[in-house]
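Open the model in your viewer and keep the sequence panel in sight. The tour below tells you what to select at each stop and what you will find there.

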Amino acid sequence: MKPAIIGLIGTLVLAGCNTVSYSGPGLEPIPGSITYNGQPRSKLTKSPPGSSFPHNFIDQYGREVEETYIIQPDRSLIIAHRQYKPIRFFGD
């Protein structure tokens, strides 16, 4: 009986770890973001909803930015993550 209860609890814990919801608004676009002037005109029809992809660009201040986008069920994009990379001087 105890192994069955432990197995059930373990299954519930793992199921909770795999469930991710990106229903929030995401980050605000900045100049250089794919969604800065609104959603792109072309829809990503071959990529499944929920998939993600990166986009790298230089912002208006000269910083390198890496954003991760997630494709929503309606084929719109949200920015799930943004990272500013350090400025490197003299080829460091």
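Begin with the whole chain, coloured by accessibility if your viewer allows it. This is a predicted model. Of the 92 residues in the chain, 17% are buried. The accessible surface comes to about 7,100 Å². Carbon and sulfur atoms account for 60% of that surface.

Now switch to a cartoon view. The chain has one helix and three strands. Followed along the sequence, the order is α-β-β-β. Strand β1 covers 52-58. Strand β2 covers 64-71, and β3 covers 77-84. Consider contacts between residues at least 6 apart in sequence: 43% of them join residues at least 24 apart.

**Stop 1: Arg82**

Select Arg82 and show its side chain. Arg82 sits in strand β3. Is Arg82 buried or exposed? Arg82 has a relative accessible area of 19%, so it counts as buried, the cut-off being under 20%.

Next, look for the polar partners of Arg82. The side chain of Arg82 makes a polar contact with the side chain of Glu67, at 2.8 Å. A polar atom of the Arg82 side chain also lies 2.6 Å from the backbone oxygen of Glu28.

Widen the selection to the residues in contact with Arg82. Leave aside its neighbours within four places in sequence. The list then holds Leu27, Glu28, Pro29, Ile30, Ser33, Val65, Glu66 and Glu67. Add Thr68 and draw a line between the C-alpha atoms of Thr68 and Arg82. Those atoms are 6.5 Å apart, with the two positions 14 residues apart in numbering.

**Stop 2: Ile78**

Stay on strand β3 and select Ile78. Ile78 is buried, because its relative accessibility is 13%. Now add Ile34. Ile78 and Ile34 are 44 residues apart along the chain, yet their C-alpha atoms are separated by 9.6 Å.

**Stop 3: the loop between β2 and β3**

Move to the loop between β2 and β3 and select Ser76. Ser76 counts as buried, because its relative accessibility is 14%. Show the side chain of Asp74 as well. The side chains of Ser76 and Asp74 make a polar contact at 2.6 Å. Ser76 also touches Gln39, Ile70 and Ile71, residues up to four places away in sequence not being counted.

Select Arg75, which is in that loop too. What is the sign of phi at Arg75? The phi of Arg75 is positive, about 75°, although Arg75 is not a glycine. Most residues other than glycine have a negative phi. Arg75 is partly exposed, because its relative accessible area is 23%.

**Stop 4: the cavity**

Keep Arg75 and Ser76 selected. Both help line the largest cavity. How many cavities of 30 Å³ or more are there? The count comes to one. The largest cavity has a volume of about 30 Å³.

Complete the selection with the other lining residues: Gln39, Pro40, Ser42, Lys43, Leu44 and Leu77. Colour the lining by class. You should find three nonpolar, three polar and two charged residues. Gln39 belongs to this lining, and Gln39 is also one of the residues that Ser76 touches.

**Stop 5: Gly62 and the segment after β3**

Go to the loop between β1 and β2 and select Gly62. Gly62 is partly exposed, because its relative accessibility is 46%. Add Ile87. Gly62 and Ile87 are 25 residues apart in sequence, and their C-alpha atoms are 8.6 Å apart.

Finish with Arg88, in the segment after β3. Is Arg88 buried or exposed? Arg88 is exposed, because its relative accessibility is 60%. Select Arg63 for a last distance. Arg88 and Arg63 are 25 residues apart in sequence, with 9.9 Å between their C-alpha atoms.

To compare stops, show Arg82 and Arg88 together. Arg82 is buried in strand β3, whereas Arg88 is exposed in the segment after β3.

Definitions and conventions
Residues numbered from 1 in each chain as written. Predicted model: local features only at pLDDT ≥ 70, side-chain atom pairs only at ≥ 80, totals over all residues. Heavy atoms only, no water. 1 Å grid on protein atoms, 1.4 Å probe; cavity = no way out; pocket = protein on both sides within 12 Å on 5 of 7 lines; lining within 4 Å. Points joined across faces, edges and corners; volume = space filled by probe spheres on them. Nonpolar A, V, L, I, M, F, W, Y, C, P; charged D, E, K, R; others polar. Helix = DSSP H or I, 4+ residues; strand = E, 2+ residues; numbered from the N terminus. Buried < 20%, exposed > 50% of the residue type's maximum accessible area, 1.4 Å probe, protein only. Polar contact = N/O pair within 3.5 Å; in protein donor to acceptor, adjacent residues only side chain to side chain. Contact = heavy atoms within 4.5 Å. Areas by Shrake-Rupley, 256 points an atom, 1.4 Å probe, with all protein chains shown as cover.
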